[in-house]
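Reader: Got a few minutes to go through this one with me? I'll jump around a bit.
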Amino acid sequence: MYKMLDGNTAAVEAMKLARVDVIAAYPITPQSTISEKLSEIVASGEMKAKYIRVESEHTAMSACIGASLTGSRAGTATSSNGLALMNEMIVAAAGIRAPIVMPVVNRAIATPWSLWCEHMDTMSQRDLGWMQFFTQNCQDVLDYTIAAYKIAENKDIMTPAMVCLDGFFLSHSMQKINVPAQEDVDKFLPQYELTNSYLNPQDPMFVSNVVGMNDYTEVKYQQKVAMDNAFDVIENVFGEFYAKFGRKLNIIEEYKTEDADVVLVCMGSMTGTVKYVVDKMRAKGKKVGMVKLVVFRPFPYKYIYEALKDKKVIGVFDRNSCLGGQYPPVCTEVIAALKGTDADIRDYVGGLGGRDVNPSNIEKIFNELLDIHSGKSYKHTNWIDLKENPMDSREVFKYV
Amino acid sequence: MIKLKFYGLGGQGVVTASKILSTAVSLYEGRYAITVPSYGYERRGAPVNTSIVVDDEPVLVNCFVYEPDIVVVFDASIIEKNVNISEGIHKDSILVLNTEKASVLDKYSKFGFKEIFYADGTEIAHEITGVAVPNGSMMGVLAKTGVVGIDSAEKAVEEVFGKKVGELNAKAARKAYEATKKM
């Protein structure tokens with residue numbers, strides 16, 4: 001059935017359809033309507049769940065871990081500084097192997113304070129043992145959230161997942177969404193069952209205890225194996241999802257890459273705009289293509305290699321500044337995936353703090369890449385949407 | 001593809017209006033739309049805008065509208081608040097304006113829009129709903145441009161506002177539709 005939903009309500013709808021048992025959430029812009037709407041529908045009885053009001057995101061995640069260990073399907077959602085405050089329990093959830101699914105509405109972390117979209121919040125959590133899915137539109141938010149529960153709870157995975165949606169560009173964008181029927185979701189996603197570690201007073205065990213140097217490495221290795229296993233599980237779950245709901249989900253999506261001279265790799269809501277620009281430039285005979293990265297953790301390096309191994313010029317767009325790094329995170333991963341090929345890979349940074357990733361900047365990137373491909377030029381504009389004279393911005397005048 | 005930009009003041013329901021339009025074309029006309037609200041540090045009375053893209057195909061582009069085909073102004077005073085409502089317009093761009101005042105129309109006629117569709121949406125809303133919030137009524141004026149049918153606009157107004165308030169606002173939309181003039 002078609003409904004008009006914004007990205008946040010799509011996430012709520014997915015959590016409801018997934019029959020999440022316990023919700024512990026703390027509101028933060030632009031996530032707030034997720035925690036508000038969930039509390040409303042739990043209070044009205046539309047959703048049968050326990051809603052725990054907490055005083056911080058740190059506690060929200062702690063409560064979700066506890067709930068998960070009792071065999072409940074647990075859920076929360078956050079953004080930006082909220083995710084940063086959760087950091088300690090993010091690591092704990094992954095180590096405890098609590099398969100929590102969390103929509104994260106991407107927003108810059110202060111300072112300077114910004115309410116608006118960038119990927120710095122989730123990128124700063126990327127190596128802590130969570131899976132990460134990045135979404136293009138509101139339908140993606142709903143679909144990948146439902147699928148993420150099934151992947152996270154697979155007994156070979158038992159790893160939490162973030163479903164990332166761009167603040168405002170998705171969280172507050174109203175779109176037409178195909179919402180599946182509850183009974184179909186029930187068949188796709190059966191009730192969560194505990195397998196290994198659990199909290200049960202009748203059968204006590206230590207959870208999250210100190211592990212000496214004899215075992216720590218092996219415990220971490222088990223988490224690595226889960227990540228390595230994830231690709232097969234994700235493919236199976238996406239296959240089942242397609243059979244059930246008729247929508248194709250992807251680990252990476254190749255858009256008109258086959259005969260493309262240059263390809264841009266990117267994530268999130270901008271991938272829709274990039275597809276639009278690809279179509280426009282193709283109509284003018286320019287051979288450009290795009291790879292939409294959906295799964296960022298675990299990083300699908302084999303898929304990226306297969307998609308791009310023969311490409312000579314590749315651009316990678318990071319919505320994250322990565323201060324002090326040689327390359328920003330998505331670009332670093334793409335370079336590593338294509339090690340041994342002779343691809344010329346260019347890093348682009350933009351769309352920070354809500355700055356719009358618009359068609360003219362995307363076109364500029366493609367034209368730069370095409371010029372590099374044809375040998376006309378060697379340079380690219382690293383920070384693509386930087387204003388002129390950036391060092392003069394916000395200059396402090398004293399004694400005037 | 002039709003690109004629209006709505007301008008108004010915080011509290012006038014500009015973002016809600018964008019939801020009404022996207023609901024109307026998406027649910028009742030089998031087309032597609034996305035809204036991209038430009039949230040700032042809004043407060044009641046501050047200028048706000050929102051972008052909407054309407055198409056027969058699923059909308060891929062997910063960013064602000066820079067070259068609007070239709071501009072809707074919910075409060076004519078907005079041009080006195082440092083807002084350039086004609087930014088990015090082209091020779092075929094249309095203006096939808098909430099006013100009946102000749103002096104205001106005169107000012108707006110200088111922006112170079114191809115056509116102006118206008119009615120006093122605030123007055124019509126006040127008369128029918130008792131509240132001077134023009135977002136329902138202005139949907140009727142907008143429908144006159146042909147971007148959306150008045151029947152689907154009415155249904156969407158009811159859907160977004162809920163039955164009771166929605167019925168009154170749908171009436172306001174119909175009345176504004178019939179009252180719309182063109183210059």
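Reader: Let's start with β5(B). Which residues point which way from it?

Author: Ile94(B), Val96(B) and Asn98(B) point one way, while Leu95(B) and Leu97(B) point the other way. That fits the usual pattern: in a regular strand the side chains alternate between the two faces of the sheet. Keep in mind that this is a predicted model.

Reader: And are those residues of β5(B) buried or exposed?

Author: All of them are buried, whichever way they point. Five of the five residues of the strand, 94–98, are buried, so β5(B) is largely enclosed by the rest of the structure.

Reader: Which strands is β5(B) joined to by bridges?

Author: One is β4(B), residues 70–73, which runs parallel to β5(B) and is joined to it by four bridges. In that pairing, Ile70(B) stands opposite Ile94(B). Another is β6(B), residues 115–119, also parallel, with five bridges to β5(B). There, Leu97(B) sits opposite Tyr118(B).

Reader: What do β5(B), α2(B) and β6(B) make?

Author: A right-handed β-α-β unit, with α2(B) covering residues 102–108.

Reader: Zoom in on Leu95(B). Why does it count as buried?

Author: Leu95(B) has 24 C-beta neighbours inside 10 Å, and the cut-off for buried is 20 or more, so it counts as buried.

Reader: What is Leu95(B) in contact with, leaving aside its neighbours within four places in sequence?

Author: Val71(B), Val73(B), Tyr108(B), Phe113(B) and Ile116(B). Of these, Val71(B) and Val73(B) fall within the residue range of β4(B). As for Phe74(B), its C-alpha atom is 11 Å from that of Leu95(B), and the two are 21 residues apart along the chain.

Reader: Switching topic. How many residues of chain B are in contact with chain A?

Author: 18 residues of chain B, and they are in contact with 19 residues of chain A. On the chain B side, the elements giving two or more residues are α1(B), 14–28, and β2(B), 32–38. The largest share, six residues, comes from α1(B).

Reader: What's that side of chain B like by class?

Author: It has 11 nonpolar residues, six polar and one charged.

Reader: Over to chain A. How is it divided into domains?

Author: Chain A has domain 1, residues 2–245, and domain 2, residues 252–373. Their C-alpha centres lie 27 Å apart. Between them, 27 residues of domain 1 are in contact with 21 residues of domain 2.

Reader: Which elements of domain 1 each supply at least two residues to the side that touches domain 2?

Author: In chain A, these are α5 (120–123), β6 (131–134), β7 (161–166) and α8 (216–245). The residues of that side of domain 1 divide into 17 nonpolar, seven polar and three charged.

Reader: What about α10(A), which residues are buried there?

Author: Ile304(A), Ala307(A) and Leu308(A), in a helix that covers residues 301–308. They span an arc of only 75 degrees around the axis, which puts them on the same side of α10(A). The general background is that an α-helix has 3.6 residues a turn, so residues three or four places apart point the same way.

Reader: What do the buried residues of α10(A) pack against?

Author: They pack against β9 (252–255), β10 (262–266), β11 (288–293), β13 (313–318) and α11 (329–337) of chain A.

Reader: Now the odd backbone bits. Where are the cis peptide bonds?

Author: One runs from Thr29(A) to Pro30(A), with omega near -5 degrees. Pro30(A) is in the loop between β2(A) and α2(A). Another joins Arg297(A) and Pro298(A), with omega about -5 degrees. Pro298(A) lies in the loop between β12(A) and α10(A).

Reader: And which residues other than glycine have a positive phi?

Author: Arg97(A) is one of them, with phi near 65 degrees, and Met158(A) is another, with phi near 40 degrees. For context, most residues other than glycine have a negative phi, and most peptide bonds are trans.

Reader: Where does Arg97(A) lie, and is it buried or exposed?

Author: Arg97(A) lies in the loop between α4(A) and β5(A). With 22 other C-beta atoms within 10 Å, Arg97(A) is buried.

Reader: Where's Met158(A), and why does it count as partly exposed?

Author: Met158(A) is in the loop between α6(A) and β7(A). It has 19 C-beta neighbours inside 10 Å, and buried needs 20 or more, so Met158(A) counts as partly exposed.

Terms used
Residues are numbered from 1 along each chain as its sequence is written. Chains are lettered from A and ligands numbered from 1 in the order in which they are written. This is a predicted model: local features need pLDDT of at least 70, side-chain atom pairs count only at pLDDT 80 or more; totals for chains, interfaces and linings use all residues. A residue is buried if 20 or more other C-beta atoms lie within 10 Å of its own, exposed if 12 or fewer, and partly exposed in between; C-beta atoms are placed from the backbone. Two strands pair if DSSP finds at least two bridges between them. A crossover is right-handed if, with the strands pointing away from the viewer, the path from the first strand over the helix to the second runs clockwise. Two residues are in contact if their C-beta atoms, placed from the backbone, lie within 7 Å. Ala, Val, Leu, Ile, Met, Phe, Trp, Tyr, Cys and Pro count as nonpolar, Asp, Glu, Lys and Arg as charged, and the others, Gly among them, as polar. Domain bounds come from an automatic or database domain assignment. The arc is that of the directions from the helix axis to the C-beta atoms.
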